[in-house]
Amino acid sequence: MMRQFTWRIVHVDLETLLDWDCKVIPIDVRGKCYAPKRMIALALTMPLAMAVATGTASAQDEATVSVLHGVPDLTVDVFANGEELIPGFEPGTLTDPLTLPAGSYDIEIFAEGEGPDGDPAIEAAGVEVPGGANATIVAHLSEGGDPTATVFVNDVSELAAGNARVTARHVAAAPAVDVRVNETPTFEGLTNPNEATADVAAGTISADVVLAGSEDVVLGPADLNLAEGTSTIVYAWGSAEDENLDLAVQTIDDLGAPPNGVPAGEAGLADTSSTTGLWILGLVVALFAAAATVLVRRRTTIGARH
Amino acid sequence: MLAGCGGETQPSAELSAPSPATANPQSPGPVATVELELTGPEVPRSPATVAPAEPADAPVSIEVSAVDISAEVVPVGIADDGQMELPPHPDVIGWYRFGPTAGNGAGSVVLAGHVDSRKYGLGQFARIHESEVGDEVLVRTESGRDLRYTVVDVRSLPKAQLPLADVFSREGHERLLLITCGGDFDRQQGYADNIVVTAVPA
């Protein structure tokens, strides 16, 4: 389900946006700074040149964006450019994909009811959403436990027939992990806030998450159906320290290709071509001719004896 | 496991990090941010939970009594060469398991069988080209559902012209496609054509 937005253009000075101080948010019992300066630029994991798709002008002017809320114990209101985009957004939930015009966004994520004038729990200015991209914005804890946000660009390239795509994203307050498939480490040494991806044969797998290089299971196992033609994105989110680590799943459908043919025969028994027909006819004629020759010889031989 | 059926590439751990947190290099000077005037209903969202895999109710048999076809159906996938896999015995019909199943309500349900094999001779689907518009097709599924279809089209077309995206589409009204090979046969190239019978829910 896509949502369309109407727009007015407002000019904002980027330098002003970047110049803000670390703030302590009243809701934070740990007294941590929720908005470290390093969080400012939510850069994308793909260069902009790659993210812009070829195609119609309108496709290049728009992007498909989903938002995942991965900060535990904090229902939030998400504001984009001063407007409330997602009210009452609960941890562990994912929006439907939204169609947004490409451009720059100031994201502010407030504890529910605190926006737009309160202090945001997470703030990110100048988030670039490039035209033609399919992306997921994730509000999550950093490895150190600070709420932050990361933009991941989703690989929506075509899958070969029979295949599925699986992506693992580490967005939890936890150290490096290995993502195992059927107990075999498949994505190794994954850290916050990074991802790993692979195209695989479609099917159901059992996945779990262990501390990197160990067999200490911190998440799962969970059965994942990697459906053919679909990309399954698995997020490890939450906090190891608070013992609320969890898995979130996003799927993107309709990426598959059909088989490239239906090869349904090999022996030529149903052949309809005329050359083969003649060949068979010729064989039959030759067989009759051979039989007739044998009969003639016999008669002649018998006749000669009399 | 992940390598799956023959010849798939091994997954690799590609770790991609976001760019360092500096001022966005793409926008020097003043930046135009789009101001939102939000209209329409609230943004839909749902719990991002792991969805259990739902096994499809696969077809198990097909009957086309008008042309004396009564065959077992088994699920098939993709062969090593990227084409649809078919059961080796020509009397056993393959259902493309990555597409919709019979009775699913939408898309193309593909059943294909060898017209012949070197080992077993002519197959049941050698007769589908004799079917006529109006013939009944009966498909039974694993759960015991009986689904009836009526033939609406019988055609032969060169393999290169088989419209793969349409034949294997998951969209649109449900239809049943019975596919085999036919036409001229060449020892090197095989059969020239695909025979396609299209049937719609009765």
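This is a short walk through a predicted model, going from chain A to a barrel in chain B and then to the core.

Let's begin with the overall make-up of chain A. Its secondary structure comprises 4 helices and 18 strands. The chain has 306 residues, and 44% of them count as buried. If we take the contacts in chain A with a separation of 6 or more, 64% are between residues 24 or more positions apart.

Chain A is divided into two domains, with domain 1 covering 1-154 and domain 2 covering 155-259. Where they meet, 18 residues come from domain 1 of chain A and 25 residues from domain 2 of chain A. On the domain 1 side, β2 (62-70), β9 (134-141) and β10 (147-153) of chain A each supply at least two residues. Of the elements on that side, β9(A) gives the most, with 5 residues. What is the chemical character of the residues on the side of domain 1 of chain A that touches domain 2 of chain A? They divide into 11 polar, 6 nonpolar and 1 charged.

Now move over to chain B, where you can trace a closed barrel of 8 strands in the order β3-β4-β5-β6-β11-β12-β10-β9, with mixed pairing. From one strand to the next, the twist averages 35 degrees.

Strand β3(B) is a good place to look at the barrel in detail. On one side, β3 (residues 59-64) of chain B pairs with β9 (residues 136-141) of chain B in the antiparallel sense, over 4 bridges. Within that pairing, P59(B) has T141(B) as its bridge partner, while S61(B) is partnered by R140(B). β3(B) is also joined by 4 bridges to β4 (residues 69-76) of chain B, again running antiparallel. Here the bridge partner of S61(B) is E72(B), so to speak the other hand of this residue. β3(B) and β4(B) form a hairpin with 4 residues between them, and D68(B) in the turn has a positive phi of about 60 degrees.Finally, let's turn to the nonpolar core. In soluble globular proteins, nonpolar side chains tend to be buried together. The largest nonpolar core in this model has 112 residues, and the members that touch the most others are Y235(A), A236(A), L111(B) and L176(B). Domain 1 (1-154) and domain 2 (155-259) of chain A both contribute residues to this core, so it lies between them. Which residues does L111(B) touch, leaving aside those up to four places away in sequence? They are P59(B), I62(B), V73(B), I93(B), W95(B), L176(B) and L178(B). Among these, P59(B) is the residue we met as the bridge partner of T141(B) in β9(B).

How values were computed:
Residues numbered from 1 in each chain as written. Chains lettered and ligands numbered in written order. Predicted model: local features only at pLDDT ≥ 70, side-chain atom pairs only at ≥ 80, totals over all residues. Buried ≥ 20, exposed ≤ 12 C-beta atoms within 10 Å, placed from the backbone. Contact = placed C-beta atoms within 7 Å. Pairing = 2+ DSSP bridges. Axes fitted to C-alpha atoms, helices over the stretch in contact; angles between N-to-C directions. Domains from an automatic or database assignment. Nonpolar A, V, L, I, M, F, W, Y, C, P; charged D, E, K, R; others polar. Core = buried A, V, L, I, M, F, W, Y, C linked by C-beta atoms within 7 Å.
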